[in-house]
Amino acid sequence: MTDILTITPNPAVDLSITIDQMVDTRKLRCSEARRDPGGGGINVARVIHRLGGNCLAVYLAGGGTGQLLQQLLDAEQLAAVRLAIAGETRENFSVTELSTGRQFRFVLPGPNVAQNEWERCIGYLEALAEPARYLVMSGSLPPGIPVDFYARLARVARERGTRTVLDSSGPALASALNEGVFLVKPSLRELRELTALPLHEEDEWRDAALEVIRDGRAQMVALTLGDQGALLVTADATLRAPALPTPVASSIGAGDSFLAAMVWALNRGADRQEAFHYGVAAASAALLSAGTGLCQRADVDRRYQEISGRWRR
Ligand SMILES: Nc1ncnc2c1ncn2[C@@H]1O[C@H](COP(=O)(O)OP(=O)(O)OP(=O)(O)O)[C@@H](O)[C@H]1O
Ligand SMILES: [Mg+2]
């Protein structure tokens, strides 16, 4: 049986390069490109795998980039199932400007996915002989996939006794929340968009999260706040964790690492405070790695010890 299954409808190969300085018109001489697997659910699965968890990444991919993605995942020995599509999987592109440390991230929409292709993905979940304990739905939806795709998956999962975890934005996020999930991880930007409120103050953040819970749209809200840390809200408690002071090589993958470590810990029976602290630890560990790199286990463990030590004091 798979403990944690992640679904990525719009994966990518992430291409990252560095240059000295961004200027227009002139040819910019780049470093050699680094290619990493990408897409929310795929990144979550890679981190859970690194942490030693039992995880399966299910993703929709096609074309030459889809094949490359599969090779990159095989090289990491990640348990993964590719559901083939006719379209060409996207390549995202990030540029780090060495003279300033600024990072530019170019994100493509992804290929068109046909109805029978995305329906196969729902069918896959329905046909699993043994349902997973957790289903992580993460990332954007490519063109052609209806906005209620995650909501449909959430319904199937609930009927099979699987806990659902959601990290998305815009209409896909709103629609899945209307179906109801176990854990949702919005960033502050995503929560503002969801509520259509400016949400300036910390108590407004907590109240907005509580409203999601009271409506039955989620049982837990992990609100990530960038360099301000994170907030975990459940019906009966709110936990606040400041961000750990970390030299930021790149913030790409911080949210995915956060979510992965939290789900990994919950699946091992951790209580919500421990799981939340693992999330913050993994997010902070992800900041240490350049480009699209994710967190390393040793860094996560070290940062977790620091956080749990601070909390006890
Ligand atoms: N500059 C930073 N300094 C310290 N910690 C950070 C920083 N940026 C992110 N983090 C950590 O990473 C976590 C996740 O980051 P963030 O809130 O930006 O979510 P995200 O999902 O990566 O964002 P988005 O989806 O908007 O790109 C934060 O809760 C925090 O713990
Ligand atoms: Mg995010």
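Guide: Let's start with residue classes: Ala, Val, Leu, Ile, Met, Phe, Trp, Tyr, Cys and Pro count as nonpolar, Asp, Glu, Lys and Arg as charged, and the others, Gly among them, as polar. This is a predicted model, so local features need pLDDT of at least 70 and side-chain atom pairs count only at pLDDT 80 or more, while totals for chains, interfaces and linings use all residues. Residues are numbered from 1 along each chain as its sequence is written, chains are lettered from A and ligands numbered from 1 in the order in which they are written, and side-chain values use heavy atoms, with hydrogens and water left out.

Visitor: What is the volume of the second largest pocket?

Guide: About 160 Å³. A pocket is an open set of points on a 1 Å grid over the protein atoms alone, with protein on both sides within 12 Å along at least five of seven lines, whereas a cavity is a set where a 1.4 Å probe fits but cannot get out; lining residues have an atom within 4 Å of a point. Points are joined across faces, edges and corners, and the volume is the space filled by probe spheres set on them.

Visitor: Which elements each supply at least two residues of that pocket's lining?

Guide: Helix H4 (149–159) and strands E9 (163–167), E10 (181–184) and E11 (218–224). Helices (H or I, at least four residues) and strands (E, at least two) are DSSP runs, numbered from the N terminus. Among the lining residues are Arg158, Arg163, Phe182 and Gln219. By class, the lining splits into five nonpolar, five polar and two charged residues.

Visitor: How many cavities of 30 Å³ or more does a search of the whole structure find?

Guide: Two. The largest is about 60 Å³, and its lining includes Leu5, Leu125, Pro131, Val156 and Arg160. Eight of its lining residues are nonpolar, one is polar and one charged. The second largest holds about 40 Å³, and its lining is made of eight nonpolar residues, with no polar and no charged ones. Leu173, Leu177, Val184, Pro186, Leu191, Leu194, Val212 and Val221 do the lining there. Helices H5 (170–179) and H6 (188–195) are the elements that give two or more residues to that second lining.

Visitor: At what angle do the axes of H6 and H7 cross?

Guide: Roughly 60°, with the axes of H6 and H7 (residues 202–214) coming within 11 Å. Axes are lines fitted to C-alpha atoms, for helices over the stretch in contact, and angles run from 0 to 180 degrees between N-to-C directions.

Visitor: Is the crossing of H6 and H7 left-handed or right-handed?

Guide: Left-handed: the near helix is turned anticlockwise from the far one by less than a right angle, and clockwise would make it right-handed. H6 brings Leu188, Leu191, Arg192, Leu194 and Thr195 to the contact, and H7 brings Trp205, Ala208 and Val212. Contact here means heavy atoms within 4.5 Å. Six of the contact residues are nonpolar, one is polar and one charged.

Visitor: Now the sheets. What is the order of the strands in the open sheet of four?

Guide: First the idea: strands of a sheet pair through backbone hydrogen bonds, either parallel or antiparallel. Two strands pair if DSSP finds at least two bridges between them. Here the order is E3-E2-E6-E7, with mixed pairing. E3 (34–38) and E7 (103–106) each have a single partner strand, so one side of each lacks a neighbour in the sheet. Neighbouring strands are turned by 20° against each other on average, direction ignored.

Visitor: Which residue of E3 is the bridge partner of Val13?

Guide: Pro37. Five bridges hold E2 (residues 12–19) to E3, and the two run antiparallel. Helix H2 (residues 63–75) packs on this sheet, touching E2, E3 and E6 (90–97), with its direction at about 90° to that of E3. E6 and E7 are antiparallel too, joined by four bridges, with Phe93 partnering Phe106 of E7. In their hairpin, which has five residues between the strands, Gly101 takes a positive phi near 80°.

Visitor: And which strands are at the edges of the other sheet?

Guide: That open sheet has nine strands, in the order E5-E4-E1-E8-E9-E10-E11-E12-E13, again with mixed pairing. E5 (80–84) and E13 (238–241) are its edge strands, each pairing on one side only. The twist averages 15° from one strand to the next. E8 (residues 134–138) and E9 pair in the parallel sense over five bridges, with Val136 facing Val165 of E9 as its bridge partner. Helix H1 (residues 40–50) packs on this sheet, touching E1 (4–8), E4 (55–61) and E8, and its direction makes about 150° with that of E1.
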